[in-house]
Amino acid sequence: MRADVDREPLDTRATPLTAKSQQPSTKHYLQPLDAASLPSWQALQKHHLAMQRFNMRDAFEADAGRFNAFSASSCGLFLDYSKNLITGETRDLLIQLARESGLGEAIQAMFAGEPVNASECRPALHTALRRPVGDRLIMDGRNLMRDVHDALGNMTEIVGRIHNGLWRGHSDRAITDVVNIGIGGSFLGPELVSEALLPYRHPSGVRCHYLANIDGSEFHELTTRLDADTTLFIISSKSFSTLETLKNAEAARAWYLNSGANAQKLYRHFIAVTSNNQAAIDFGICEKNIFPMWDWVGGRYSLWSAIGLPIALAIGMTNFKELLSGANAMDRHFLNEPFESNMPVLLATLGIWYRNFWDAQAYAFLPYDHYLRNFVKHLQQMDMESSGKSIRQDGSAVSCETGPVIWGGVGCNGQHAYHQLLHQGTALVPADFIVPVVSHNPLADHHHWLYANCLSQSQALMCGKNLQEAEAELRAKGLSEVDVQRLAPHKVIPGNRPSNTLVMETLDPRRLGALIALYEHKVFAQGVIWGINSFDQWGVELGKELGSGVYSCLTGFDPPPAADCSTQGLIDYFRRRHRG
Ligand code: F6P
């Protein structure tokens with residue numbers, strides 16, 4: 001079957017992006033239909049009632065082909081989604097929902113640079129960052145791809161100079177340590193990737209560090225390990241106005257100057273990645289040390305741009321480009337693959353199935369790979385900042401639930417902690433397991449055990465243990481009938497709990513690129529079905545605005561009272577300690 005997307009790669013060669021972004025649009029995805037009123041939604045509601053008695057364990061027993069029927073693969077990733085509360089009819093209805101929501105049109109629009117970020121009148125063109133040399137994408141009469149590849153060229157140059165010891169600090173010593181100062185998207189993606197790809201670290205030995213929080217303890221702990229003569233700071237901020245980043249940048253500049261370093265040679269120790277050149281220049285960054293960010297890339301989708309500079313320093317440009325090409329392969333899959341085998345669409349619609357029809361309020365990510373230990377933090381920003389919305393693209397209120405709480409952590413550790421709730425708690429929490437087949441660090445049979453644990457967890461969630469099995473198990477251990485009856489209820493595991501498993505050969509730059517892009521597109525596809533804007537984040541602004549007022553109350557001579565007595569009481573508590 002064919003999806004609503006072209007099988008041919010999208011030809012974006014004559015797409016006037018900005019012109020479109022200024023025009024009021026009648027596009028489906030900008031004036032979304034109410035998802036709950038769609039025929040497929042109503043059919044899914046009926047189907048959900050019919051599925052109340054569906055039992056996954058029975059379904060597997062009845063159909064030996066279930067694994068083949070509910071799996072997909074692309075870009076070096078294999079997705080087993082057979083352990084879900086679904087039948088073929090469920091999938092058909094979910095795909096129908098994606099179609100009726102205008103997802104095909106929205107995908108095309110996002111790739112073509114239409115203003116899918118309607119509240120900010122901007123395109124969301126992170127996919128352009130990973131398109132190959134030779135592609136064209138016209139915006140304001142200029143080929144956007146030239147800007148993208150020029151920036152990549154400049155990154156290649158600076159990364160080469162740093163790796164080869166040609167970029168020297170004020171005392172003429174080569175750079176040994178690079179500190180990325182940034183927060184949110186200017187931190188989480190780069191940190192995830194540079195740590196996930198540690199086995200691909202560049203032989204130069206240049207060390208990369210991350211400084212995100214405004215907490216002085218983080219600054220202190222990091223800088224005590226560094227030598228100002230050989231440290232380079234990257235101030236990474238799309239807006240160059242983020243409080244935490246600017247305070248840390250100021251502290252870094254003071255730390256550098258207080259080390260006795262030459263103020264005239266500050267430019268050798270500070271570079272910036274930003275779309276706000278003037279603010280970076282005002283801070284004291286030399287103009288030729290400023291790398292571009294563009295307003296058509298959202299912060300949480302920016303690791304593919306020069307925001308990924310610390311990644312390139314950690315793994316080298318060749319590996320960085322492999323990362324981009326893995327993401328580009330997933331982009332093409334998302335754009336061209338029929339919905340029935342389109343991995344982001346399948347994951348998105350399954351997410352909708354649980355969030356909106358089974359009332360699942362949380363979603364767990366369980367990577368069984370030490371190198372993916374920061375994946376959940378990145379997904380939390382990408383998913384929750386994108387899908388934590390109550391208003392649709394056209395300003396009307398949503399009529400259904402939107403983004404779930406994203407949480408999780410690395411396996412097997414979680415098995416000895418929160419997996420208890422997954423197995424026996426009252427909440428339904430769908431989970432994605434992620435595991436490579438080949439470890440970068442084979443150690444006796446550890447990886448066999450790791451893989452076995454990953455599979456056995458999804459198996460336990462699916463099949464559980466019923467009362468008869470629990471009783472039989474206890475009797476087989478020789479327990480008295482009284483103890484059997486006492487203990488058996490505690491040992492019952494309900495089962496029938498859904499999960500997906502993503503398997504890959506090994507975690508390499510290409511597959512990691514594809515994996516991250518897979519979830520970016522899943523989040524976007526869900527946003528289209530809910531009718532929300534996945535690319536703005538107005539909700540985080542209020543806390544920032546109020547933060548300045550509270551700061552004035554903490555530090556002012558005779559500040560006005562806070563608007564509420566709780567905040568005032570807490571201000572007084574602080575002021576008593578810091579008086580005089
Ligand atoms: O406050 C949220 C946020 O705007 C994120 O969306 C963004 O990734 C982060 O802050 C950092 O922003 P910037 O790169 O402009 O410093």
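These entries record what I looked up in a predicted model of one protein.

**Entry 1. Domains**

I began with the division of the chain. The assignment gives domain 1 as 3-127 + 323-530, domain 2 as 134-320 and domain 3 as 541-579. I then looked up the distance between domain 1 and domain 3, and their centres, taken over C-alpha atoms, are separated by 42 Å.

**Entry 2. Largest pocket**

I turned next to open space at the protein. The volume of the largest pocket is about 1,100 Å³. I listed its lining and obtained 38 residues; nearest the centre of the pocket lie Ser239, Thr242, Val540, Glu541 and Lys544. The elements that contribute two or more residues to this lining are helix H10 (243-258), helix H15 (375-387) and helix H21 (541-555). Of the lining of the largest pocket, H21 supplies the largest share, with 5 residues. I also sorted the lining by class, which gave 18 polar, 11 nonpolar and 9 charged residues.

**Entry 3. Enclosed space**

I searched the whole structure for cavities of 30 Å³ or more, and 5 were found. The largest cavity has a volume of about 60 Å³. Which residues line the largest cavity? I noted Tyr29, Val116, Gln393, Phe524, Gly527, Val528, Ile532, Asn533 and Ser534. By class, this lining holds 5 nonpolar and 4 polar residues, and no charged residues.

**Entry 4. Packing of H5 and H14**

I examined one helix pair. Helix H5 (residues 88-100) and helix H14 (residues 343-357) have axes that come within 10 Å and cross at roughly 100 degrees. The crossing angle therefore makes H5 roughly perpendicular to H14. I then recorded the residues that meet. On the H5 side they are Thr90, Arg91, Leu94, Ile95, Leu97 and Ala98, and on the H14 side they are Val345, Leu346, Thr349, Leu350, Ile352 and Trp353. I classed the residues of this contact of H5 with H14 as 9 nonpolar, 2 polar and 1 charged.

**Entry 5. Backbone exceptions**

I closed with the backbone, with a general expectation in mind: most residues other than glycine have a negative phi, and most peptide bonds are trans. Which residues does a cis peptide bond join? I found glycine 411 and cysteine 412 joined in this way, with omega about 10 degrees. Cysteine 412 belongs to the loop between strand S11 (405-408) and helix H16 (419-424).

I noted a second entry under this heading, cysteine 121, which is not a glycine but has a positive phi of about 50 degrees. Where is cysteine 121 found? I placed cysteine 121 in the loop between helix H6 (103-112) and strand S3 (138-139).

How values were computed:
Residues numbered from 1 in each chain as written. Predicted model: local features only at pLDDT ≥ 70, side-chain atom pairs only at ≥ 80, totals over all residues. Heavy atoms only, no water. 1 Å grid on protein atoms, 1.4 Å probe; cavity = no way out; pocket = protein on both sides within 12 Å on 5 of 7 lines; lining within 4 Å. Points joined across faces, edges and corners; volume = space filled by probe spheres on them. Helix = DSSP H or I, 4+ residues; strand = E, 2+ residues; numbered from the N terminus. Nonpolar A, V, L, I, M, F, W, Y, C, P; charged D, E, K, R; others polar. Axes fitted to C-alpha atoms, helices over the stretch in contact; angles between N-to-C directions. Parallel < 35°, antiparallel > 145°, perpendicular 65-115°, else oblique. Contact = heavy atoms within 4.5 Å. Domains from an automatic or database assignment.
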